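Good morning, and thank you for coming. I should like to walk through selected parts of one chain with you. Please keep the display in view as I speak.

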Amino acid sequence: MVKRFLLMFLWTTITVFAGQPRWMRLATLPTAVTGHSAVMVHTGDVVVVGGHAASGIPQGQTVVIRGATGSVVPALNTLPTPRTRFALVEVRATDGTSRCYAIGGYTGTGGNYVSNASVDVLRYVAGQNNWQWEHVGDLPVAVGDCRAVADGRGGIIVTGGVLQLSGALGNGAKQTGSTRITITTGRIDRLGDAVTARAEHGAYRTLDQTGQPLVLIAGGEATRPTTSTELLVNATWDARANPPRMYRSQALGVSDRAEIARVFGGRDAAGIALSSCEWYDVKSGWRAAPTMSDARAQHDGALVAGPVDTASAYAIVGGNGKSGDLATCEIFSLPRTTDPNGTWSPMPSMIEPGRERRIAMTSSNVPVVAGGDNSGTMLSGIEIYEPLRAADVEFKQTEVGAVSDSMSIIIENTWLLPISVRRVAISGTAEFSVGVDTTVIIIPSGERRLIRTWFRPIRPGTRTADVVLECGAFADTVHLRGEGVASTLSVLTDAISIGDVAVRTSQRVCTTLLRNTGTDTATVDSLIIDPPSAYRIVSPIGRSRIAPGDSLVVCIEFEPQQRGVAPAVLTTFVGARRLPVAVSGRGIRTMVLATSSGVCDTVVAVKGSVIPLYITASNPADRPVTIRSIRFLGGTVGVFSAGSVPLPTTIAPGASQQLEILFTMQREAVERVTVDLDNDGDTAARADLCIVPRSRTVRSVTDSIFVGDLCPGDSVERDVVFENASTVDTITITDLDVVGDLGYAILQNVQATLPPRAQVRGRVLLRATQSGTISASVRALGSFGTVDVPISGRVVEYVQTTMQNILAQAGDVIDIPLTITSASSLPATFTMNFRYPGQLLAPRSITSTTPGIDAAQTTIAVNGSGVTGVRVSTTTPIPSAAFRLRCDVLRGNDVQGEMRFTQGGSSPVCVLSSIDTLVVRTDCVNSGGLVRPTSSVAMMVTPSPVRETATIAMMNLGSAAYVMEVVDMHGLVVARYMIDQPHSTFDVRAIDCTMLSNGLYSILLQRNGTTLTSYPLMVIR
């Protein structure tokens, strides 16, 4: 009997066809049953237990569906007590193996059933990789349609059920009793009775508000339509929890991964199938969950989880709906952050509809469904879910003996768990092949993997084969189809000549090689040229097809690496045929060589000197070469440049040309550079140049001397510094001279021998001899030649102004006569500053101009503080001019002051002015003359002229502080002295004049911005 059982149910991996994901038949049970149970065990296999056959007789059959292979084998023994509609609970022992408890149920014969109290356990026998039952005890009360759940505390809680002694299934009385089975010891203890009798209800394990395991039962009450929820507290049932939202029995109840109780579908109090779902919140009771697509009862479901991989979803299959038994399946995705309620989605339907179909996951990460009742017909079929999607492959026509282009098989995993393709094989003709880069192809959920396949026909005609994807318990198949053809081809040429090509350049030629004279499309597998060193096939690349009547054009590129003829053979591979064609080309050279003397020449030059150097360009090759440009590599930037070389320039074969390179000296050093002749030849042309410049000269540290504006007769002293510019040689300076239109005296001559980089200083006295722009230079002389330091500046002409002493009454308008004379002729335009006692006089305008004066352009501009600018403009060259300066006489604190003219700004004149007195009469006068107050300031300067120190004698200064200023002819203050405590009656001061240049100055005494008096100071050495 055992041998016959093995022969009937030993099965191998089932193969299914490619296409859309679907349920496929795997095998059959020994006996078609319903009321059975199925569960996945720790090995990843599925155990199917019990049920009753079409005859109504309860069965003890136990079969194992191998999760890794899909084979179906019997367990080592059958259930000690055959039974149907019982509770099956899988728990894990301390060693990690599964234990399956079969609890209660019905025994008997068709139409006359008795509830059963036995508790049997299925244990794993490792040595035989199989399972064996043993009886471990009995329930206190025999019940069928009971429910059992592991309590999370080491026990199994059995609740409710039907107690009957005869009659149809479920025809007895529903019970309130409950029992606890201790897993480690097998002890069976009766617990307190529930408040309400129930069967075909839901039993759940959840967590209480403290996070501790909690068992609850709900639904299936005998008191329909009243429903309730009861919680197991210690050994007592508490019915004070909120009841379900509606009455339901024959529902699917689960405790999900988060230990939340959930119920799917079932029947209402009127026996109508439901699509509604609920979940239990320990704080507020049962709450509504998303609704299934189909109303269903007596259905089954499983968490989508293999031994290793787990998805947060349940697969729901079959059941009895409102219009009969169902084949439809659905997936419930558990709530998550982005979907707080959970979502139902469709799943492909099973092959056979039915109620009480049992589903369990396998180690192949896909579920199987076994048995069930299809409208009164017991089912024996086992179906497995195949989740892969892959399309069949159709190859293009392929030449006999040729290998086709690879075709991709894209395998998509539409399931919620990874699927492993453990082996890929070809079933059928060996003319197809497949390539896989890994031993096992793991395809994560929702992702795709690609494998490649090829076709190589050995004769004409259509060929087919299958690629088998072995995935453990199932295998998917992809159909392959291809057609082999043998084309008719004509070779149109027996040789390809490319001609002369410069070495390391390329030439491309295209020629028509083949013509398809047959009726089938020809496939050219490849073209190979041998030797390949100088040749490259440009097109076609890869496979190419020639339709009937068309031709194949081949393009070849020839790039010779050396001179001479380069023979080769171009072979066309068409399937198993080889079609050779001769190929030839000749490599030629186009090159230019650059050469130089190769020595470092020493030259003597000064900085900035340009020295010509030469290189020779020669052409020893076969073709003319054009030099396009000259480049300089390395060396000091900017010192080398191309000379008078016409570029571009062409050099004929066998000819040569000398090229000029210019070197501009910047320093004393060994200067090297590589001259690169950029040319259209096949070789770089470079030559090295070397030159050693020496600088035997003197340079001026002072670039130039600027003396500004001088008056005729003025003298200035200036220093000049010369340096030996060489870093190597010693230089001798023999003399110092001045060249140009200045008088001069050498105060400190330069006669020195200078080591490298040494300096020497000289001093010259420069005298202004004539008016005009200064054009002169200080020149150093020696063995090196001469070095000039330019002198720049201007000598401006003298003009002499003459006025007269003025006696006036406060309030008068007076005209002060002014005469201006020059040694030659007055400048066309010049400016002078009229200085006067500002508290006594206010200039108004110019009047009474003499001929030659432009009256409109001769104006004044009052600057304040006793200074008014006078702009003089002439119409023709004249040696002298006269006009009057109209002024208002004011009443001030003093009664007299001096008047004079000084140079105004940048005016091109030196002013030599008379100093005149303005006396303003007051009310204290007689009819005969002027009354001068005793406080009038008097001043005298000695000696005159002065060389080093001037003595200033002053009277009637008063006791208040005053300022003494030395002002040059341009009106610029060149020295200022603050006198804080003067002698009120008579004061004498000495001033140092050694810092003053030769010329005329004025000494002014001022107090609070008012000029007290002035006196001329002449400095001559």
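Where is the place of proline 540? Proline 540 is found in the loop that runs between strand E53 (535-539) and strand E54 (544-546). Please bear in mind throughout that this is a predicted model.

I begin with that proline for the sake of its backbone. The peptide bond leading from serine 539 to proline 540 is cis, and its omega is near 0°. As general background, most peptide bonds are trans. A second example comes later in the chain, where a cis peptide bond joins leucine 647 and proline 648, with omega about 0°. Proline 648 likewise has its place in a loop, between strand E62 (640-642) and strand E63 (649-651).

Let us turn to another backbone angle, phi. In general, most residues other than glycine have a negative phi. Glutamine 298 is not a glycine, yet its phi is positive, at about 50°. This residue lies in the loop between strand E26 (285-289) and strand E27 (300-305). Is glutamine 298 buried or exposed? With a relative accessible area of 15%, glutamine 298 is buried, because the cut-off for that word is under 20%.

Asparagine 365 also has a positive phi, near 70°, and is a residue other than glycine. Its loop is the one between strand E33 (358-361) and strand E34 (367-370). Asparagine 365 has a relative accessible area of 5%, so it too counts as buried.

Now to the sheets. Strand E27, which we met beside the loop of glutamine 298, belongs to an open sheet of four strands in the order E27-E28-E31-E32, with antiparallel pairing. Its edge strands are E27 and strand E32 (343-347), each of which pairs on one side only. From one strand to the next, the twist averages 25°. Within this sheet, E27 and strand E28 (residues 310-317) run antiparallel and are joined by five bridges. One of the residues to look for is aspartate 300, whose bridge partner in E28 is valine 317.

There is another open sheet of four strands, ordered E19-E20-E21-E22 and again antiparallel in its pairing. Here strand E19 (202-207) and strand E22 (236-241) are the edges, each pairing on one side only. The twist in this sheet averages 35° from one strand to the next. Strand E20 (residues 213-218) pairs with strand E21 (residues 229-233) over three bridges, in the antiparallel sense. Leucine 216 has leucine 231 as its bridge partner in E21.

Finally, I ask you to look at strand E76. How many bridges join strand E75 to E76? There are seven, between E75 (residues 776-782) and E76, and the two strands run antiparallel. E75 and E76 form a hairpin, with two residues between them. Glycine 782 has glycine 785 as its bridge partner in E76.

E76 has further neighbours in pairing. Strand E74 (residues 772-773) is joined to E76 by two bridges, and these strands also run antiparallel. There, glycine 772 has valine 795 as its bridge partner. Strand E68 (residues 705-710), by contrast, runs parallel to E76 (residues 785-795), with four bridges joining them. In that pair, aspartate 709 stands opposite arginine 794. As a general point, strands of a sheet pair through backbone hydrogen bonds, either parallel or antiparallel. E76 shows both senses, parallel with E68 and antiparallel with E75.

Methods: Residues are numbered from 1 along each chain as its sequence is written. This is a predicted model: local features need pLDDT of at least 70, side-chain atom pairs count only at pLDDT 80 or more; totals for chains, interfaces and linings use all residues. Side-chain values use heavy atoms; hydrogens and water are left out. Two strands pair if DSSP finds at least two bridges between them. Buried means under 20% relative accessible area, exposed over 50%, partly exposed in between (1.4 Å probe, protein chains only). Axes are lines fitted to C-alpha atoms, for helices over the stretch in contact, and angles run from 0 to 180 degrees between N-to-C directions.
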